[in-house]
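This report walks through the architecture of a single protein chain, beginning with strand pairing and ending with the nonpolar cores. Please keep the sequence and the structure in view while reading.

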Amino acid sequence: MTKPILCIALLLMATLIQAQESHHDDPPTLAIGAAAPDFNLKGIDGKFHALQEYTAAKALVIVFNANHCPTAQAYEDRIMAITRDYKSKGVDVVVISSNNPPALNLAELGYTEFGDTYDEMIIRAKDKSFNFPYLYDGDDQKVALAYGPVATPHAFVFDKDRKLQYTGRLDQHEKPGTGNGEDLRNAIDAVLAGRKPEPATTKVFGCSMKWSWKNEYTEKLLKEWAAMPVSLNEIDVAGVQELLKNKGDKLRLINIWATWCGPCVQEFPDFITIDRMYRGRDFEFISISADKIASKEKALKFLKLKQAANTNYIFNKDNIYDLIEAVDPKWQGALPYTVLVEPGGKIIYSQQGPIDPLKMKKRIVENALIGRYY
C-alpha cells in the first residue's frame with residue numbers, strides 16, 4: 001500500500017472511530033429559541049404523523065415518555081388532562097416514545113407489565129384511553145437524538161413559530177394526585193400570552209433514556225442470571241400447605257408443572273420472565289414439579305436449561321392426589337396449575353391450564369403490594 005493511500009485509509013478510520021465515539025455520548029438537549037426538529041413517526045393509530053401536521057396550533061407541546069417507567073406512568077393522567085384542557089385554546093400535545101426496546105432489560109420492568117415496543121404502546125394507549133398522538137421513535141431514535149430528552153417524561157413547548165420556549169419537567173410532584181403539571185401549564189400559558197416562560201428550563205426527574213448503544217448493563221445482567229445456581233428441593237404435603245399459607249411479606253406466585261406436560265414446558269419461560277421482572281419488588285416465584293421423584297434429575301436439568309434461579313420444589317410422593325388436595329381441593333388435577341397468593345394465605349388467582357402472561361403481569365403490578373409508582 002502506497003503512503004498516500006495508507007494516509008487516506010488511516011484518516012477514514014480515525015473519522016469513523018470519532019463518529020462512533022460521539023454517537024455514544026448522550027445528545028444535548030435542544031436549546032431555548034431553537035426551531036422544532038422535523039419528524040415523521042408512526043403512531044399507535046397505524047398512521048404516520050409529521051411536524052407539519054400541527055402547523056395550525058398556537059403552541060405545540062412534545063413530551064418524550066415511555067410505557068415502562070414508573071415516573072412516566074405517574075404522569076400519564078396529567079398529560080391527558082393538559083391535552084384536554086388546552087385543546088380548545090389551540091394547543092396540540094404529542095407524546096413520543098423513543099426508548100430502544102432491546103436496550104431495556106427485564107430488571108427495569110418491575111413497575112409495569114409492558115416494555116417499550118410499538119405493539120405494547122398500542123395496548124397501553126388502549127388501556128388508558130390516551131387522547132393524544134402516541135408516536136414511536138425507538139428503532140433509530142433519530143427524533144430523540146435531535147431533541148435530546150434527558151429522561152421520561154421530558155416536555156418541550158414550542159410557540160406558533162415553532163421556536164422552543166420551554167424544556168423540562170411537567171411539575172415537581174411525581175406521585176399521582178400531588179401535582180397538576182403546574183410547570184408545563186405555566187409555560188404553555190406564557191407562550192399563549194406571548195410571554196417568555198419563567199423559568200425557561202427545569203431539571204427533569206425520571207427514568208433515563210434507553211439509548212441503543214447503552215446495553216452494557218443488560219449484557220452483564222444476562223450473564224449474571226445465567227451464572228446463578230439452580231436447585232430443586234423435595235417437598236411434602238405439609239411443606240406445600242405451608243407455602244400456601246404464605247407467612248412472609250411477599251406476593252407469591254406458585255406454578256405446578258411437569259417435564260412431561262407440553263403446556264407446562266411451553267409456558268415455563270414466561271414465569272422466568274415474570275420472576276426477573278418483579279424479583280426486585282415484594283414478589284417471589286416458586287415452582288413445584290409434579291414429576292415422579294425418580295425423575296428429579298430430569299426436572300433439575302430442565303430447570304437449569306431455563307435458568308430457573310427461583311425457588312423450585314419437587315413433590316416427594318408418588319401419590320399425586322395428595323399434592324392436588326394440599327394445593328386446592330377445587331383443583332381437578334390437570335396441569336399446569338397456577339396460584340397467586342397474598343401474605344396471609346389469601347389466594348387471589350388460580351388457573352388450571354396455561355396463564356395469560358400479560359394479564360398475570362398486570363395482576364401482579366396492580367396488586368397493592370407491588371404498584372406502578374414509587
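## Strands around β13

Two strands are said to pair if DSSP finds at least two bridges between them. The model discussed here is predicted, and within it I235 stands opposite F315 in β13. This position belongs to the pairing of strand β10 (residues 233–235) with β13, in which the two strands run parallel and are joined by three bridges.

Strand β13 (residues 311–315) is also joined to strand β12 (residues 283–289), again in parallel, here through four bridges, and I314 in β13 is the bridge partner of S289. Four of the five residues of β13 are buried, so that the strand is mostly covered.

## Overall dimensions and content

The protein has twelve helices and 15 strands, and its C-alpha trace spans about 80 × 70 × 35 Å along the principal axes. Of its 374 residues, 49% count as buried. When contacts between residues at least 6 apart in sequence are considered, 76% of them join residues at least 24 apart.

## The seven-stranded sheet

An open sheet of seven strands, with mixed pairing, follows the order β2-β1-β5-β4-β3-β7-β8. Its edge strands, which each pair on one side only, are β2 (48–50) and β8 (164–168). Ignoring direction, neighbouring strands of this sheet are turned by 30 degrees against each other on average.

Within this order, strand β3 (residues 59–64) and strand β4 (residues 91–97) pair in the parallel sense over six bridges, and A59 stands opposite V91 in β4. Helix α3 (residues 76–87) packs on the sheet, where it touches β3 and β4, and the direction of α3 makes about 155 degrees with that of β4. Helix α6 (residues 182–192) lies across β3, β4, β7 (154–158) and β8, and runs at about 10 degrees to β7.

## Helices α9 and α12

How do α9 and α12 cross, and within what distance do their axes come? The axes of α9 and helix α12 (residues 357–365) come within 11 Å and cross at roughly 25 degrees. Because angles under 35 degrees count as roughly parallel, α9 is roughly parallel to α12. The crossing of the two helices is right-handed.

The residues that meet between these helices are D270, T273, I274, M277 and Y278 on the side of α9, and P357, M360, K361, I364 and V365 on the side of α12.

## Nonpolar cores

In soluble globular proteins, nonpolar side chains tend to be buried together. Here the largest nonpolar core has 51 residues, and those with the most contacts inside it are V240, I256, F283 and I364. Helix α9 (residues 262–278) gives the most to this core, contributing seven residues. I364 thus appears twice in this account, as one of the residues with the most contacts inside the core and as one of the α12 residues that meet α9.

Leaving aside residues up to four places away in sequence, I256 touches I288, A290, L323, V327, W331, L335, P336 and Y337. Apart from the largest core lies another, of 27 residues, which includes V63, Y118, V157 and V191. Three of these can be placed by residue number against elements already described: V63 falls in β3 (residues 59–64), while V157 falls in β7 (154–158) and V191 in α6 (residues 182–192).

Terms used. Residues are numbered from 1 along each chain as its sequence is written. Side-chain values use heavy atoms; hydrogens and water are left out. A nonpolar core is a set of buried Ala, Val, Leu, Ile, Met, Phe, Trp, Tyr and Cys residues joined through side-chain atoms within 4.5 Å. Buried means under 20% relative accessible area, exposed over 50%, partly exposed in between (1.4 Å probe, protein chains only). Contact means heavy atoms within 4.5 Å. Axes are lines fitted to C-alpha atoms, for helices over the stretch in contact, and angles run from 0 to 180 degrees between N-to-C directions. Angles under 35 degrees count as roughly parallel, over 145 as roughly antiparallel, 65 to 115 as roughly perpendicular and the rest as oblique. A crossing is left-handed if the near helix is turned anticlockwise from the far one by less than a right angle, and right-handed if clockwise.
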